[in-house]
Amino acid sequence: MINNTRKLLAMTLSVPFLMTQAAFAADDSDLVVNKPNFSFLTSLGVLNVEDKDFDPEAFEAEVGMNGVVKAKEFTILYNLRADLSDAINSRDTTSNEGEADIHIKEAHAIFPTAYGAFVLAPRITSGQQRDLYSNVDIFEYNEAHSGTTSTSGNTLFAQPSEGDDVIAWASPKFMGVKLVLATLSINEDNGDDVDVEAYRVIYNEGNVNLGAGQVIVSKGLANASKDYTRTALTAGYKFDKLDLGATYEMNKDTFGTAGDYDTFGVTARYHLSHGYSIAAGYYNKDSDVDANDNKGTVYQIKKQAGKNIAFWAEAANYDITADNVALGVNISY
């Protein structure tokens, strides 16, 4: 069954390469390359982490460009984005100047068609994380994911924030429902053309958001006896002034010493007047390895001063992850 599914995925997700061949066949006179859009996001503030000194910090410092290429035969949406925050913070954390710490977050192309959107992405923000965890990933410093850009370093959810070497297909939206299939080729030398498979179904209509998905990591990636599976369920609802969200993640046959574990997160944000809002979140990780159990609460007050600027204050208390207090300002364009 798995082999048949992989063959189907390979056939479906090979379409971007066929579209690329069509692109080379297109007449240059038919091509329209629109002027790219440039963007930046700066999140600066001060941080106090348990057992560490008070520290001014660059939480995020992203610059990017995106645009559209159009021809009669095809359309391509491209996106390039880099995060400079590690380079900024390196001198006071590692004593290095940090020029080598520029992190590429986005390098992908999307081919929209009448049959759905095809994605070719050497590096991309994880769609699995965005679609299945955004209901509970609402904080600035205490982000609800793992991976290189997880600022607080918590290990509650296993889902990373980014994906490498991704080929994906997203179906057209029908009655609020969208299906996404994706493959990741993380290790090009292990004999497995597909190291990770990901599936998700999303319903997003009006004030309701529902989703379910699974990630299957090949046992060959870690020389394990079984494939590692990560399953997530999510639900969100927006009232007039209150946003509620919940995500439940199940990790089975994890590699290494992590053990099998489930993580549950629930959050709420209440919108006050004049751009103010208050938010709270609770997260609980229950592992087969008792020493890996973790839970935490996060609180935030935020002031949206305009479309491109926001001020925020956040405090978190965890069983394992270091407690922290953070203050910051986000400036974007």
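**Exercise 1. A surface patch**

Name the residues that form the nonpolar patch on the surface of this predicted model, and place Tyr 270.

*Solution.*
- Step 1. Tyr 270, Leu 272, Tyr 276, Ile 278 and Ile 301 make up the patch. Together they offer about 450 Å² of accessible area.
- Step 2. Tyr 270 sits in strand β13, which covers residues 261-271.
- Step 3. Partly exposed runs between under 20% (buried) and over 50% (exposed). Tyr 270 has 38% relative accessibility, so Tyr 270 is partly exposed.

**Exercise 2. Salt bridges around Arg 81**

Find the salt bridges that Glu 62 and Glu 106 form with Arg 81.

*Solution.*
- Step 1. Search the whole structure: 10 salt bridges turn up.
- Step 2. Take Glu 62 and Arg 81. Their side chains meet in a salt bridge at 2.3 Å, N to O. Glu 62 is in strand β3 (residues 55-70) and Arg 81 in strand β4 (residues 75-83), 19 residues apart. Glu 62 is buried, because its relative accessible area is 6%.
- Step 3. Take Glu 106. Its salt bridge with Arg 81 has closest N and O atoms 2.9 Å apart. Glu 106 lies in strand β5 (residues 103-113) and Arg 81 in strand β4, so the pair ties together parts 25 residues apart in sequence. Both Glu 106 and Arg 81 are buried.

**Exercise 3. Asp 164 and Arg 123**

Locate the salt bridge between Asp 164 and Arg 123, then classify both residues by accessibility.

*Solution.*
- Step 1. The closest N and O atoms of the pair are 2.5 Å apart.
- Step 2. Asp 164 belongs to strand β7 (residues 162-170) and Arg 123 to strand β6 (residues 116-125), 41 residues apart.
- Step 3. Asp 164 is partly exposed at 33% relative accessibility. Arg 123 is partly exposed at 23%.

Notes
Residues numbered from 1 in each chain as written. Predicted model: local features only at pLDDT ≥ 70, side-chain atom pairs only at ≥ 80, totals over all residues. Heavy atoms only, no water. Patch = residues over 30% accessible without salt bridge, like charges linked within 9 Å, V, L, I, M, F, W, Y side chains within 5 Å. Areas by Shrake-Rupley, 256 points an atom, 1.4 Å probe, with all protein chains shown as cover. Salt bridge = Lys/Arg side-chain N within 4 Å of Asp/Glu carboxyl O. Helix = DSSP H or I, 4+ residues; strand = E, 2+ residues; numbered from the N terminus. Buried < 20%, exposed > 50% of the residue type's maximum accessible area, 1.4 Å probe, protein only.
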